[in-house]
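This report looks at the side-chain links of one structure, beginning with its cysteines and then turning to its charged residues.

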Amino acid sequence: MIGGLFFTIVGAVLLILYVREKIRAFSVKALILKALVSCCFLGVGFSGLLAKPDSSFGIFVLIGLFLGLMGDI
């Protein structure tokens, strides 16, 4: 569960940086930060799936998070 906590903290920091950059103006840096935040969401979902691997619902959540990442890119 340490991995989930790590991705949550890193994702929160990146989200703050993304919002700060997005408020200033639209930029490539904001797009990269948004994609990195989505990667952190995916990391949290993956570490949750590792914590309870027999969950079929967790696989669908992970697929949804991956598709969200693809939408951000």
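## Disulfides

The structure holds 0 disulfides, and this statement, like those that follow, rests on a predicted model. A disulfide is a covalent bond between the sulfur atoms of two cysteines.

For the sulfur of Cys39, the closest cysteine sulfur belongs to Cys40 and lies 7.1 Å away, which is too far for a bond. The reverse also holds, since the closest cysteine sulfur to that of Cys40 is the one in Cys39, at 7.1 Å. A disulfide would need the two sulfur atoms to be within 2.5 Å, so this pair, at 7.1 Å, does not qualify. As for their surroundings, Cys39 counts as partly exposed, with a relative accessibility of 36%, whereas Cys40 counts as buried, with a relative accessibility of 7%.

## The salt bridge

The structure holds 1 salt bridge. Its partners are Lys29 and Glu21, whose closest N and O atoms are 3.8 Å apart, and because the cut-off for such a pair is 4 Å, this distance of 3.8 Å falls within it. Lys29 is partly exposed, its relative accessible area being 47%, while Glu21 is buried, with a relative accessible area of 11%.

## The setting of Glu21

Glu21 is found in helix α1, which covers residues 2–24. When its neighbours within four places in sequence are left aside, Glu21 is in contact with Ser27, Lys29, Ala30 and Leu33; Lys29, listed among these contacts, is also the salt-bridge partner of Glu21.

Definitions and conventions. Residues numbered from 1 in each chain as written. Predicted model: local features only at pLDDT ≥ 70, side-chain atom pairs only at ≥ 80, totals over all residues. Heavy atoms only, no water. Salt bridge = Lys/Arg side-chain N within 4 Å of Asp/Glu carboxyl O. Buried < 20%, exposed > 50% of the residue type's maximum accessible area, 1.4 Å probe, protein only. Helix = DSSP H or I, 4+ residues; strand = E, 2+ residues; numbered from the N terminus. Contact = heavy atoms within 4.5 Å.
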